[in-house]
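Me: Could you walk me through a protein model, step by step? I would like to ask some questions as we go.

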Amino acid sequence: MIGRPPWQRWFAILLAFAAIVAFDTDDARAEYGDVVINNYSDAAGMRPAIFPHWFHRVRFRCKVCHADLGFKFKAGGNEINMVKIIDGQFCGACHNGELAWSVENCNLCHSAKPGTPTQVHESTIQKLAPAALQKK
Amino acid sequence: MKIERVILPVLMSAFFGAAAAADAGKDLYTKTCAVCHAAGIAGAPRYGNVGDWQPRLAGGTARLYASALKGTAKGMPAKGGNLTASDGDVKAAVDFMLASVKAASASPAKPVAAAPAPAAAPVAAAPKAAAPVAAAAAPAASIDAAANTSGASAADINSFNRLLKPIGKRNPPPAEDGIHDPVNDGTVALMAPLAAYGPLPKSLAGNRVNWVKAIDEKKINPRWDRQDANAAPVVIDLNIVREVKGSMPDVVYPHKQHTEWLDCSNCHPAIFVPQKGANAISMAAILLGEKCGVCHGKVAFPVSECRLCHSKKKEFRPAQATAPATK
């Protein structure tokens, strides 16, 4: 790459960058309702967390999390952090080593590709306004 | 993880990279590009037509990529008008079209040596590997792959449902779903959706599971209380009918199915004021994630399933000048 003219190098870098961005954010194949939460993860060097709605609704009715535990109906809108979780709030109400596996299994939740933005995957709004979402 | 990718043998990365890129390119071509590039609408260079492509190839592949991505004054819209397509796929689609003319020009060995672009095919398949190693070999392989399939591509253009997600891509396992990181060790430990959906009743949208029916048929019994497996929901059997404009059937909102899952406080009073006529609901608001759209279109069945809500047939009323008076 060293001997190439600068525009070509620039283009190659741009391509690589564009591909990373595109492939990490623009792939609408995941399960309907999967929530990606990336409020603090990227900045902290962790993979963003993914909440699979489908898995949880097989086991719990919406009310358990959205009324009893106080999860708002808004992806990324709950300001969840690890301190709250180990203190038994939000995910920590169940993910405490008794009802469900505990917080030491970091990579089971923090499993998204780095850089994946907060979103409800496959949601209608995501399909309506993909360009707006990509700008985030 | 970058290190792992970089140390992959050159042959392996070239082969898999090119194969995946060719697939993505072909997909996008059939979905979007073929609308013009199959028949040459608005002067678009036709798929497989060497004469159309020859003058354009003179400018180099990189320039063709740029035209495809950003559009041209001659009429090519940016990304062919499909702005949701990723840059990598757009380039792969260009490669796919170029491969068709290279295969057709009856000298398959020559373009391999002359492959001009530094970062052509591999960016689509292996974006995180900077992959200068694969760059040289990949175009050759993608040409081969496209040449092998070019006979079938004519049929694909007019295939059914080209804009829909193929059946094989629904409910993929986490490692292949596009948002989970396949190199994360936790990802492989996660359950695949289809493993859970087997016994559940099917639907046509969303997860493609009919969750309401799943509870009705006792295929699942999700807990109403975090700890108490025997706690039962307070089900309210009350239908609310909303008369709607136009010819659409009126909406019947069933409290029953909703209270199977939700607490009153989930919807009332923040989302819906519990009073008849007090809630302005429109499909536009729902599409944007408000009102019913807080759940429907995100986790509950999406708005494509019109008839599940718009379920009460209107009485036939012949058009009359005095019709408004009856309201």
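Me: Is Lys314(B) buried, exposed or partly exposed?
Reply: Happy to help! Buried means under 20% relative accessible area, exposed means over 50%, and partly exposed lies in between (1.4 Å probe, protein chains only). Lys314(B) has a relative accessible area of 25%, so this residue is partly exposed.

Me: Before we go on, what kind of model is this?
Reply: Residues are numbered from 1 along each chain as its sequence is written, chains are lettered from A and ligands numbered from 1 in the order in which they are written, and side-chain values use heavy atoms, with hydrogens and water left out. Local features need pLDDT of at least 70, side-chain atom pairs count only at pLDDT 80 or more, and totals for chains, interfaces and linings use all residues, for this is a predicted model.

Me: Which residue meets the side chain of Asp250(B) in a salt bridge?
Reply: A salt bridge is a side-chain nitrogen of Lys or Arg within 4 Å of a carboxyl oxygen of Asp or Glu. At 8% relative accessibility, Asp250(B) counts as buried. The N to O distance of its salt bridge is 4.0 Å, and the partner is Lys314(B).

Me: How many residues apart are the two partners in the chain?
Reply: Asp250(B) is in strand β2 of chain B, while Lys314(B) is in the segment after β3. The pair links distant parts of the chain, and the separation is 64 residues.

Me: Which residue of chain B forms a salt bridge with Lys169(B)?
Reply: Lys169(B) is partly exposed, with a relative accessible area of 33%. The closest N and O atoms of the pair are 3.4 Å apart, and the partner is Asp27(B).

Me: How many salt bridges are there between chain B and chain A?
Reply: One of them joins the side chains of Asp181(B) and Arg47(A), at 2.9 Å from N to O. Another joins Arg61(A) and Glu260(B), at 3.1 Å, and both Arg61(A) and Glu260(B) are buried. The count between chain B and chain A is two.

Me: What area is buried between chain B and chain A?
Reply: Buried area is the accessible area (1.4 Å probe) that two parts lose on being put together, summed over both. The contact (heavy atoms within 4.5 Å) takes 70 residues from chain B and 61 residues from chain A. Carbon and sulfur atoms give 62% of the buried area, which is about 5700 Å².

Definitions and conventions. Helices (H or I, at least four residues) and strands (E, at least two) are DSSP runs, numbered from the N terminus.
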